[in-house]
Each structure stands twice: as structure tokens, then as C-alpha cells.
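Work through these short exercises with the model open. Try each task before you read its solution.

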Amino acid sequence: MRRPVIAGNWKMHLSLAEGLALATEIRNRCGRFRTGEVVLAPVAVQIHPIAQRLADSNIAVAAQNCHAAAKGAFTGELSPTQILDAGATYVIIGHSERRQFFGETDEGVGKKGRSALDHGLIPILCIGETLAEREAGRTLEVVCRQLDAAIAPLSPEEVAGVIIAYEPVWAIGTGRTATPNQAQEVHAAIRRRLAEKTSPAVAERVRLQYGGSVKPDNIAALMAEPDIDGALVGGASLEAQSFIQIVTGALGAESN
Ligand code: PEP
């Protein structure tokens, strides 16, 4: 059985005081879920204090990006070992905003994922098509190309341990969610591709998150799809009430 995982991507939002308050409220209200995992991804300089605040819960912390090298002359970058040191256990890699605004390439995503695993971080590898690509009927071609590059440097056993986040670019921050059917169609194709590239048994173990305007009112329908194992949440993770409702909607009614 795949363990569902809900992650909140705070992007470049929230002051430290706001981040600590939000993490505290999430911890207090859903910090002990056993039916799945909850992950928060604050801005890099807040990883350490947020991880400390969450130390007595089972909520994990993610970085929003990493460099592929363990150390070196890369001004302004963060290495996987430093991320681990700061208290994170996951790292989001290849988010569409990184691809769009910071020149991240398919090959670079593969290298970062490789390095994250080498240093003990669980990568959340993001893939997804733009609106133009969808409208041109190229969704599966684009998603499979990005997926292939992301997993190329990994062994089948390593692939089984990563998280793949399918995030159609046209649904990120737009309020326009893929319908559960649209998301399931692509998730099923991703799992088929994983089976071809590794094995059916490995593909069955890989957790596939959906991301793109996930809200309290659409999480249950998305999670009801057989190949959707969680969500990567942007805007709705910045507010305790909506994120907690998403967690509860996805993982059930367990509470402290
Ligand atoms: C994201 O940035 O990963 C995301 C899914 O954002 P939003 O939920 O705001 O669409």
C-alpha cells in the first residue's frame, strides 16, 4: 500500500514569525497523523527553525530546491547535506517555477534527484505540461520526457522511494484545477511509464502527488482516484485552516 503524502509548498512567502505560527498551528491540529505523511516546505532560511518547531510531531520538512553538488564554490546555492543538517528530510526538485524562471533543465533535475538520494533526502520530483503543450495534445509526451530524465540516474529500487508530483503548469496558482479524471489519466500514464522503465512492482510502490490549485473542496475527489497518492499544495498551504482541511480530507479524520 502506498502511504499518502500531503506537502505544503510555501514558496517565497511568510516571515519567520508567520511561518512559525503556521507550523505550530498545523502541528497542534494535525501533527500526529499515522495514516499518511505531512510535509512543509518553507523558504530555505526557515528550514532550521521550522524543523525545530516540528521536532515533537511527525510532520516533516522539505527544502524547495537544492544544488546537485555536496559542496563547492556555488554562491547562493544550498547543498543536500546542508539541507539535511538544517533538519529537512525531503527536497522539492524541478518545480515548474524553477524550470520557468531559473532555467532548470530535465537533465539538471535528474542530477539533483540523484544527489538528494545520495545524501539521504527524499526527492519530490515535479513534472507537468504547460497550457500550450496540453492544447497541442502533447501532455503525455512532455510528462514522460520529464519523468524519464528525472529517473534516468536512479536504480529501480531508488525510483520506488521517490515521490513524483504531477503539476500541470496551467493549474498552478491559477485556481484552475485539473479535474480528477484529467489528473488520474496522467497519473495512470506516469505509472505505466514507470512500469516500463523499472518494473510493474516498482511502479506500484511509487507515490504520485497531484499539484495545481488543490483546495479543501477538491482534495477528496482527487484522492479518490486510484493513482493519486497525495498532493503538493501551494496557495492553500499558506493558511492553517485550509491546509488542515486538505490534510484531513486526504488522510481521514484522525486527530490528536
Ligand atoms: C505549487 O506551487 O506546487 C502549487 C501546486 O501551487 P497552487 O496550489 O497554488 O496551485
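**Exercise 1: Contacts of the ligand**

An oxygen atom of the ligand is 2.6 Å from a polar backbone atom of glycine 173. The model is a predicted one. Find polar atoms of histidine 95 and glycine 235 that lie 2.8 Å from an oxygen atom of the ligand.

Solution.
- Step 1. Go to histidine 95. A polar atom of its side chain is 2.8 Å from a ligand oxygen.
- Step 2. Go to glycine 235. Here a backbone N or O atom lies 2.8 Å from an oxygen atom of the ligand.
- Step 3. Look at the cover. On its own the ligand has 290 Å² of accessible area, and the protein covers 97% of that.

**Exercise 2: The shell and its pocket**

Which residues are the closest to the ligand, and where does the ligand sit?

Solution.
- Step 1. The ligand is surrounded by 14 residues. Lys11, Glu167, Gly173, Ser213 and Gly235 are the closest.
- Step 2. Sort the shell by class. It has eight polar, four nonpolar and two charged residues.
- Step 3. Place the ligand. It sits in the second largest pocket.
- Step 4. Size that pocket. The second largest pocket holds about 200 Å³ of space. It is lined by 20 residues, with Lys11, Gly173, Ser213, Gly234 and Gly235 the closest to its centre.

**Exercise 3: The largest pocket**

Describe the volume and lining of the largest pocket.

Solution.
- Step 1. Its volume is about 530 Å³. Of its 19 lining residues, Met12, Gln64, Asn65, Arg98 and Phe102 are the closest to the centre.
- Step 2. Helix α4 (residues 96-102) gives the largest share of this lining, four residues.
- Step 3. By class, the lining of the largest pocket has nine nonpolar, six polar and four charged residues.

Note on methods
Residues are numbered from 1 along each chain as its sequence is written. This is a predicted model: local features need pLDDT of at least 70, side-chain atom pairs count only at pLDDT 80 or more; totals for chains, interfaces and linings use all residues. Side-chain values use heavy atoms; hydrogens and water are left out. On a 1 Å grid over the protein atoms alone, a cavity is a set of points where a 1.4 Å probe fits but cannot get out, and a pocket is an open set with protein on both sides within 12 Å along at least five of seven lines; lining residues have an atom within 4 Å of a point. Grid points are joined across faces, edges and corners, and a volume is the space filled by probe spheres set on the points. Helices (H or I, at least four residues) and strands (E, at least two) are DSSP runs, numbered from the N terminus. Ala, Val, Leu, Ile, Met, Phe, Trp, Tyr, Cys and Pro count as nonpolar, Asp, Glu, Lys and Arg as charged, and the others, Gly among them, as polar. A residue is near a molecule or strand if one of its heavy atoms lies within 4 Å of it. A polar contact is a pair of N or O atoms within 3.5 Å; within protein, one must be able to donate a hydrogen and the other to accept it, and residues adjacent in sequence count only if both atoms are side-chain atoms. Accessible areas come from the Shrake-Rupley method with a 1.4 Å probe; for residues, only the protein chains shown count as cover. A molecule sits in a cavity or pocket if more than half of its atoms lie within 2 Å of its grid points.
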